[in-house]
Amino acid sequence: MNYDRLISIEQMEQATEILLENGRRVGADSWQQRVKNQSPHCSFGESGTCCRICSMGPCRITPKSPRGICGCDVHGIVGRNYVRFTAGGAAAHSDHGRQIMHTLYQTKEGGAYQVKDPDKLKKLADEWGVESEGKDIYDLAHEMAYKGLLEYGKPFGEQLFVQRAPEHTRELWEKANIVPRAIDREISTSMHMTHMGNSSLAEALIRQSLRTGLCDGWGGSMMGTEFSDVMFGTPKPKDTTANIGVMEKDMVNIVVHGHDPSVSEMVVFYANDPEMIALAKSYGAKGINVVGVCCTGNEVAMRLGIPMAGNFLCQENVVLTGACEAVVVDVQCIFPALGPLSKCFHTKFITTSPIAMMPDSDFIEFHEETAAANGKAIVKMAVENFKNRDWDLVNIPNLKTEARVGYSVEAIKKCLDGVTNSHVDDLGTLKPLRDVVKAGVIRGAVAMVGCNNPKVRPDTAHIELMKKLIANDVIVIVSGCSAQAAAKAGLMSLEAKELCGEGLKRVCELVGIPPILHMGSCVDISRMMVLASDLAKDWGVNISQVPVVGCAPEWMSEKAVSIGNYVIATGIDTFLGVDPYTKGSTEVTELLQGEHGVKDWVEANFTVETNIEKLGDMMLQRIEEKRAALCI
Amino acid sequence: MKRLTVKKDVECMACLSCVVACSEAFYKEFHQDKSCIRIVENNGTVKPMVCIQCGKCARECPQGAITQNANGVYMINKKLCIGCGRCKEVCPMGVCLKPDDSETASKCIACGICAKACPMDVLEIVES
Ligand code: SF4
Ligand code: SF4
Ligand code: SF4
Ligand code: SF4
């Protein structure tokens with residue numbers, strides 16, 4: 001069962017304990033302590049039954065006060081809170097996508113940002129009905145950027161990428177009246193609908209949640225993914241390393257954290273700049289080591305092979321090593337705690353975006369136009385900080401393992417081409433995958449995503465579920481912090497095949513893939529939507545019939561709820577390990593989790609189960625049910 | 001005897017309204033450590049900890065500053081209290097206070113301010 005590169009949860013926890021001890025020496029705060037301070041949590045908030053949408057409130061629903069002052073009942077309150085949660089997530093993802101489109105607009109020959117995958121750009125142009133023939137690639141990039149940006153506010157019509165979905169799926173959306181329109185419109189409509197004195201009908205609110213989720217997954221996020229590929233390259237399988245031991249004692253360590261690859265790509269570029277490396281050496285360092293945390297880490301890992309230091313709840317650990325010269329952040333999932341924490345060490349906490357401004361940070365505003373200069377200034381600041389290290393505090397736990405990352409849809413198809421008989425079969429399809437699933441060699445697939453949440457023992461749910469699934473011949477595709485959990489544990493190395501059931505093991509050997517496939521960051525869950533659509537099309541069945549389910553066992557952010565909405569709306573049953581603040585309403589719970597709610601509209605629903613063992617069993621059972629229904 | 005009690009069959013939501021009310025009433029500010037009622041979580045169950053008027057604090061006090069009033073409620077005589085904090089140490093419920101920035105100790109006087117603030121009617125003042 002064990003091979004030597006597997007790192008256990010206990011080993012990771014021991015490492016964290018050593019780091020916390022380091023922190024205690026300098027009076028550092030930690031999320032572990034703050035969780036204690038914040039417990040117990042308010043159950044009104046946790047069950048979604050507190051409304052503070054207008055200043056007559058806040059209103060809390062209790063047995064003696066079943067309605068808010070305006071008369072809204074618990075279902076309306078829980079439903080409105082749920083839509084707003086979704087809108088927050090869709091806004092974050094989509095604004096990330098918008099940023100990417102602005103960056104695309106700035107690309108130029110020889111510039112800081114360039115088109116690295118012109119073929120993909122042309123394919124996308126084709127999809128969007130933009131003529132690319134005979135056009136300069138940068139003119140095309142700018143035209144596509146402009147068209148993409150219009151997707152955010154176009155007065156009429158639906159999201160362009162909706163056309164990628166199978167016909168049946170589009171019909172369902174049409175019928176349910178949830179086809180995503182302009183991205184900003186869906187988010188605005190969500191805010192408008194939930195303003196005091198508008199919708200309190202749970203059903204209408206949940207419908208809008210799905211629609212808002214779809215404008216993210218099939219709009220903003222999809223643009224973020226596709227055009228990041230255009231600029232930075234479509235990911236291909238790449239070897240890298242993971243876990244806290246990727247920090248290097250003798251080097252300048254720069255941690256990139258956040259989500260937007262526009263910033264981290266520049267940091268990596270200048271960390272490889274001979275001038276900067278010489279500068280680092282002049283300070284006595286052996287070189288410059290860039291490592292990633294959270295989704296920015298995923299972005300640069302899968303394109304540039306940058307090591308992954310950890311996921312969401314490891315963000316304080318990198319500073320606690322005492323060997324971190326700078327944490328460079330862009331947007332989303334950045335603990336405001338990093339500011340005060342960095343002050344306990346020599347670490348520079350560098351914020352770069354007006355979207356994420358925090359106290360106790362050095363703000364170097366990152367502009368697409370001046371990206372090169374900004375990137376260089378950031379790297380320089382980190383390098384110059386090396387001399388301020390307190391060597392007594394340097395303590396890097398020796399945990400490090402290998403991972404193969406970078407499985408975009410294109411890369412997966414390419415891998416499958418390797419096992420296709422090119423004389424008989426088409427290349428560039430998912431048919432070989434369909435065939436092994438049909439044959440039962442692989443039982444199905446689980447798309448495992450999402451964050452960490454202290455409500456779950458960190459990484460345990462991700463890792464234990466993955467092990468269970470692959471042992472049962474279920475292939476796992478991952479993104480976001482779930483991907484990093486797998487990488488940290490060693491489950492993304494080719495040797496992890498030893499943990500698989502016989503069928504999956506054979507497939508891994510034959511195709512040369514790890515059993516856990518890294519598909520990228522959280523906006524890249526859009527890749528999973530494309531994969532599911534293409535698989536359904538190649539199979540000739542509906543997405544909801546394919547033995548594939550989604551799972552977010554340790555999710556915490558609004559973005560995760562937005563994702564959940566678009567994943568179920570796409571027809572994929574989704575299993576959550578943390579409740580989305582909805583248990584206060586039977587109606588909302590029934591709509592999202594019951595047999596007659598979203599399930600009637602989009603053929604999929606949520607399952608919430610905080611017992612992780614049970615959650616795993618339920619997923620396996622659902623996969624088998626889907627197989628049985630297909631008579632395979 | 002008059003005292004604050006926690007109803008058995010009503011769910012505490014851990015909203016801390018009672019804690020806010022108590023600390024604001026007696027210390028003019030909200031601080032969890034300045035409330036004579038505490039909300040604790042044990043194995044996933046949330047429970048308010050309230051003063052049971054057991055008198056342990058009174059017996060421990062070297063100054064005899066804590067005595068029972070006519071209703072049986074233990075009251076601290078601020079004039080006698082020297083702020084040694086012994087009462088705080090012996091309180092089995094952890095609700096006898098001696099904040100660092102206060103000269104004297106304080107404890108629950110069964111006034112019912114917290115019970116009024118509770119949206120769930122978890123708390124009540126009983127006289128027996
Ligand atoms: S919108 Fe209604 S339920 Fe919400 S705070 Fe105002 S009055 Fe209360
Ligand atoms: S404050 Fe504590 S020790 Fe004093 S009477 Fe109340 S419960 Fe007993
Ligand atoms: S702090 Fe005051 S009331 Fe408490 S034991 Fe000391 S003297 Fe008595
Ligand atoms: S006010 Fe009531 S419901 Fe809220 S924490 Fe106190 S006892 Fe519990």
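Which classes of residue, nonpolar, polar or charged, make up the shell around ligand 4? To find out in this predicted model, select ligand 4 together with the 14 residues that surround it, the closest of which are Cys12(B), Cys15(B), Leu16(B), Cys18(B) and Cys118(B). Sorted by class, the shell around ligand 4 comprises 13 nonpolar residues and 1 polar residue, with no charged residues.

Turn next to the cavities, of which the structure holds 7 of 30 Å³ or more. The largest cavity contains about 140 Å³ of space, and to centre the view on it you can select Cys295(A), Gly450(A), Cys451(A), Cys522(A) and Lys559(A), which are the closest to its centre among the 16 residues that line it. Then colour three helices of chain A, α12 (294-304), α19 (480-489) and α22 (558-569), since each supplies at least two residues of the lining of this largest cavity; the largest share, 3 residues, comes from α22(A). By class, the lining of the largest cavity divides into 10 nonpolar, 5 polar and 1 charged.

For the last stop, select Val319(A), which is found in helix α13 of chain A, residues 315-320. Val319(A) counts as buried because its relative accessibility is 1%, where buried means under 20%. Leaving aside residues up to four places away in sequence, show the side chains of Cys324(A), Val327(A), Leu338(A), Leu341(A), Ser342(A), Phe345(A) and Thr347(A), as Val319(A) touches each of these residues. Finally, draw a distance between the C-alpha atoms of Val319(A) and Leu341(A), which are separated by 7.5 Å although the two residues are 22 residues apart along the chain.

Note on methods
Residues numbered from 1 in each chain as written. Chains lettered and ligands numbered in written order. Predicted model: local features only at pLDDT ≥ 70, side-chain atom pairs only at ≥ 80, totals over all residues. Heavy atoms only, no water. 1 Å grid on protein atoms, 1.4 Å probe; cavity = no way out; pocket = protein on both sides within 12 Å on 5 of 7 lines; lining within 4 Å. Points joined across faces, edges and corners; volume = space filled by probe spheres on them. Helix = DSSP H or I, 4+ residues; strand = E, 2+ residues; numbered from the N terminus. Nonpolar A, V, L, I, M, F, W, Y, C, P; charged D, E, K, R; others polar. Near = heavy atom within 4 Å. Buried < 20%, exposed > 50% of the residue type's maximum accessible area, 1.4 Å probe, protein only. Contact = heavy atoms within 4.5 Å.
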